[in-house]
Amino acid sequence: MPTFVAMKWTFSSTHQANMANAVLRSDASAFASSDIRETLEARAQRGVKGWLHQAQGAQDHFARTLESGASPEARAHAGRKAGVELAGLLAKSKISRISLDAGDHNFDVAEGLALAAYRYTRLLSKKAKDAWTLEELEVVGLSDAEAKRLHVLITAVSEARDLINTPVLDLTAEDLANRAVELGKTHGFKVTVLNQAKIESLKMGGLLGVNKGSLDPATFSILEYAPANAVNSAPYVLVGKGVVYDTGGLSLKPSNFMDTMKCDMSGAAAVIGTLCAVAGQGLPVHVIGLIPATDNRPGGNAITPGDVITISDGTTVEVLNTDAEGRLILADALHYAKKYKPQLVIDLATLTGAAARAIGPNATVAMGNASREVWDKLQASAASTHERLVEFPFWDEYNDLLKSEIADLKNIGGAEAGAITAGKFLEHFTDYPYVHLDIAGPAFLDSPWGYYGKGGTGVGVRLLTNFLSQVSS
Ligand SMILES: [Zn+2]
């Protein structure tokens, strides 16, 4: 597996003379050039915001003002949006190297620019590859610590997006596990991969059941970052759904619902990306990532609607729809998490169409039984990163919808409250404070949204890195 993150970052105290440059200030009066100052002021009077693009000889200059914003969160979001807008202009003019000086907004503008400039180019032929990529981003005046934090964060998000965008032909469950091992070596966390035989010996009936229709073996990856200076004795455990391709199994999806299903491992990608960021930034926090992975196919002895499987904790599950497979593999992982006596477990999964239908790509559907204190911290991180969370109810009445005549549970709850019954199913396998994040809406985009173009977004990486930074500071 190649590494796909191509952009070169440089950080300096002054602009390089031979590069296009972009300068952003809170107020037009802060620009030294009277020409730029007056042009920006005249545009502002006409209500025109956005970047001013001037080509002086062979060099392109971009200038823009940005008001301070009502809150730190609004200010950060506006900064990132200005970066996204700049990426659009650079792409249009095919400018591949840019020197950015956004003063106090440096981190946010550079973050938005880098997120929006992401391209998955590995499978393009040479000619198409030449279309446009941002090859070099120089940020002027960012402190060394902030520069490192930003670089690590964007790299981690890009790694997650690369994994999501890679088709299953190049990303089987074993490839996903191998890539986690490689990234662990690069970023400084430990990865142990349980193979099919080990998964069988642990009687992970959910993961094995979903894997029955596949030619490729399942994997179960355990990622661990345990720095000596960790502030927590009980670890945070992150669980990511790693369905590397979801055909629906025998409950086969219609073709038009299947064509983006390489993204069904976005939860796993978010966990791997978060470990990259947390370890890369050296946060003093003990974190474990668990990734059950397989494809979901209708071949061979694929489980049938009506089969009953036994999860590793002994719970029997009547499988009434083989397309509700994510919860089956997550059940084994959530049970496995108990042995760590974690202080909190958060799972991320592209779990239900119901979550995507409820709120679209605008936010993640969240639910769980963790304390209000945990939720407040998560919501603070959600606001800071603009990876927003909408809390759904988690009442026990929903458990009634999961009762089976012949087994302990059934794997679908019916037409109503589908995102919540999936969450309640998962809760059955927990004995610790628990948060479930259904990222089915924002994980993979059919059209550009927010800071992202089409394809995998890596949603969850920025949110959880912020959260783990908050709880470890
Ligand atoms: Zn499915």
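Two strands are taken to pair if DSSP finds at least two bridges between them. Helices (H or I, at least four residues) and strands (E, at least two) are DSSP runs, numbered from the N terminus. The structure is a predicted model, in which local features need pLDDT of at least 70 and side-chain atom pairs count only at pLDDT 80 or more, while totals for chains, interfaces and linings use all residues. Residue numbers start from 1 along each chain as its sequence is written.

Strands of a sheet pair through backbone hydrogen bonds, either parallel or antiparallel. In one open sheet, three strands follow the order S12-S13-S17 with mixed pairing. Strand S12 (308–310) and strand S17 (409–410) are the edge strands, each pairing on one side only. Three bridges link S12 to strand S13 (residues 316–318) in the antiparallel sense. Val 308 has Glu 318 as its bridge partner in S13.

Another open sheet has six strands in the order S1-S6-S5-S2-S4-S3, and its pairing is mixed. Strand S1 (8–12) and strand S3 (52–56) are at the edges with a single partner strand each, so one side of each has no neighbour in the sheet. From one strand to the next, the twist averages 20 degrees. S1 and strand S6 (residues 136–140) run parallel and are joined by five bridges. Within this pair, Lys 8 is bridged to Glu 136 of S6.

Two helices lie across strands of the six-stranded sheet. Axes are lines fitted to C-alpha atoms, for helices over the stretch in contact, and angles run from 0 to 180 degrees between N-to-C directions; two residues are in contact if their C-beta atoms, placed from the backbone, lie within 7 Å. Helix H1 (residues 34–45) crosses S3 and strand S4 (59–65), at about 150 degrees to S3. Helix H2 (residues 72–92) lies across strand S2 (20–25), S3, S4 and strand S5 (97–101), and runs at about 155 degrees to S4.

Burial is counted from C-beta atoms placed from the backbone: a residue is buried if 20 or more others lie within 10 Å of its own, exposed if 12 or fewer, and partly exposed in between. Asp 347, in strand S14 (residues 344–349), is buried because 29 other C-beta atoms lie within 10 Å. Beyond its neighbours within four places in sequence, Asp 347 contacts Val 239, Gly 267, Leu 330, Leu 334, Leu 426, His 436 and Leu 437. Asn 256, in helix H9 (residues 255–258), is exposed because 7 other C-beta atoms lie within 10 Å.
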